[in-house]
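The exercises below invite a careful reading of one structure, each with a task and a solution that goes step by step. Please keep the sequence and the structure in view while working through them.

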Amino acid sequence: MKKDIRQLSLKEIEAFVVENGEKAFRAKQIYEWIWNKNAHEFEEMSSLSKEFRTVLNQHFEIKNAVVQEFQTSQDGTLKNAVLLHDKNVVESVLIPAENRTTACVSSQVGCSLNCEFCATAKLERMRNLSAAEIVDQVVLIDKESQEHYGCPLSNIVFMGMGEPLLNYNEVTEAIKRITAPHPNGLGMSPRRITVSTSGIPKMIKKLADENLRVGLALSLHSAIEEKRNEIMPFSEKFPLTEILESLIYWYEQTKSIITLEYIIWKEINDKQEDIDALIAFCKKVPTKVNLIEYNSIGDDKFLQAPPSVTSQYIQQLEQNRIVVNVRRSRGKDIDAACGQLANKNQISQKLQ
Ligand code: SAH
């Protein structure tokens, strides 16, 4: 069986190149083709001789991810269904804004958590993505950003499918590759990367120790323990006091303010007690709040609260000097918005 060339480090490729009578610098070219240019075939590597491309082809294969399906939203959001080498599919999204383009990438095939309001949670967790598969999503989206919007990708959020902190090693390895300088990496700034977690205290602390200089977002949705446990049942194992303690540790280690993601639902967290609990939580550690618009997944239990409630939240948070942003939903018409990534086309095929 041929070996996947992406399992090799630059040094190992260099050794192969020299053994086969080529100059060492060819290794760098190959490395760029497989990592930064998403080449699928050795035939594409036009900077190498035809003979050497054949030699490579005899020894190796390139197991990278490819775009299986591409959709464009009316608001300019793009969504890729990305086909992996074992035929699993994950989704990633490109969100253009005035002065930046943001990639929303997946970290797992499916998800093992059970947030009741999220479409991905309805899928089984099939497996973790490898660092290479995460980097591939970024490279593919970067290409699309240049093609469609004339600018390279500027930001990355780990808010696609899966829980990034439950695929810790591959996610941190991917971040290292994305932020390493060329040609070993994509040369992006870690400050423009945000890891979003449902809240796994031990892993938040571990990430703080990693010193990657990325941002952290916590999907809070309720600062009242019982309510949070009801809508995010897995969190019974992770009391809010422990989460808070891990966030304080994060801030002490990184000095980076934490983003709290929060959706306001009718009858669930639209009361004064909910606002009070959120404010009390925010006062314990430096945070800002992103109020996310809810994207329906067709379940009557969860309905977006009316704008008057959002206004109350904003007013009271601001009175308490807590920074709050309202995040408009993007890409809803193609099921590309937060919580909607569910390989819909694949699922409907499976259900038929
Ligand atoms: N597991 C990680 C990352 C994936 S979810 C996490 O929980 O943070 C990315 C964000 O989308 C989270 O803030 C999540 O709470 C939010 N989300 C999930 N379902 C949603 C929905 N239906 N509408 C809006 N946001 C949703």
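## Exercise 1: The annotated binding site

In this predicted model, UniProt lists Cys111, Cys115 and Cys118 under "binding site", in an unreviewed entry. Work out which of these residues belong to the lining of the largest cavity, and then describe the surroundings of cysteine 111 and cysteine 115.

**Solution.** Step one concerns the cavity: Cys111, Cys115 and Cys118 are included in the lining of the largest cavity.

Step two places the residues along the chain, where cysteine 111 lies in the loop between β7 and β8, and cysteine 115 is found in the loop between β7 and β8 as well.

Step three turns to accessibility, for which buried means under 20% relative accessible area. Cysteine 111 has a relative accessible area of 12% and is therefore buried, and cysteine 115, with 9%, is buried too.

Step four lists the contacts, leaving aside neighbours within four places in sequence. Cysteine 111 is in contact with Thr120, Leu123, Glu124, Arg125, Gly162 and Glu163, while cysteine 115 is in contact with Ala121, Ile231, Met232 and Phe234.

## Exercise 2: The annotated active site

The unreviewed UniProt entry gives the annotation "active site" to Glu91 and Cys338. Explain why these residues can be said to gather at one spot, and decide for each whether the residue is buried, partly exposed or exposed.

**Solution.** Step one compares sequence with space: the residues span 248 residues in sequence, yet no two of their C-alpha atoms are more than 11.5 Å apart, so they gather at one spot. From this set, Cys338 is taken in by the lining of the largest cavity.

Step two considers glutamate 91, which is placed in strand β5, residues 89-97. Its relative accessibility is 5%, so glutamate 91 counts as buried. Not counting residues up to four places away in sequence, glutamate 91 touches a set of residues that includes Lys79, Gln137, Met161 and Asn343.

Step three considers cysteine 338, which is placed in the loop between β14 (324-327) and α11 (344-351). Cysteine 338 has a relative accessible area of 38%, and therefore is partly exposed. With residues up to four places away in sequence again not counted, cysteine 338 touches Ile292 and Asn295.

## Exercise 3: Aromatic pairs

The structure holds nine aromatic pairs. Describe the pair of phenylalanine 117 and tryptophan 265, and then the pair of tyrosine 262 and tyrosine 313.

**Solution.** Step one gives the geometry of phenylalanine 117 and tryptophan 265, whose pair is tilted, with 4.9 Å centre to centre and 45° between the planes. The pair links distant parts of the chain, 148 residues apart, since phenylalanine 117 is in the loop between β7 (108-109) and β8 (127-128) and tryptophan 265 is in the loop between β12 (258-262) and α9 (272-282). Phenylalanine 117 counts as buried at 8% relative accessibility, and tryptophan 265 is buried with a relative accessible area of 0%.

Step two takes tyrosine 262 and tyrosine 313, whose ring centres are 5.3 Å apart and whose planes are at 55°, so this pair is tilted. Tyrosine 262 lies in strand β12 and tyrosine 313 in helix α10 (residues 307-319), so the pair ties together parts that are 51 residues apart in sequence.

Step three widens the view: Phe117, Trp265, Tyr294 and Phe302 form one aromatic cluster.

Technical notes:
Residues are numbered from 1 along each chain as its sequence is written. This is a predicted model: local features need pLDDT of at least 70, side-chain atom pairs count only at pLDDT 80 or more; totals for chains, interfaces and linings use all residues. Side-chain values use heavy atoms; hydrogens and water are left out. UniProt positions are given in the numbering used here, feature names are shortened, and annotations may be inferred rather than shown by experiment. On a 1 Å grid over the protein atoms alone, a cavity is a set of points where a 1.4 Å probe fits but cannot get out, and a pocket is an open set with protein on both sides within 12 Å along at least five of seven lines; lining residues have an atom within 4 Å of a point. Helices (H or I, at least four residues) and strands (E, at least two) are DSSP runs, numbered from the N terminus. Buried means under 20% relative accessible area, exposed over 50%, partly exposed in between (1.4 Å probe, protein chains only). Contact means heavy atoms within 4.5 Å. Rings of Phe, Tyr and Trp (its six-membered ring) pair if their centres lie within 6.5 Å; planes under 30 degrees apart count as stacked, over 60 as edge-to-face and the rest as tilted.
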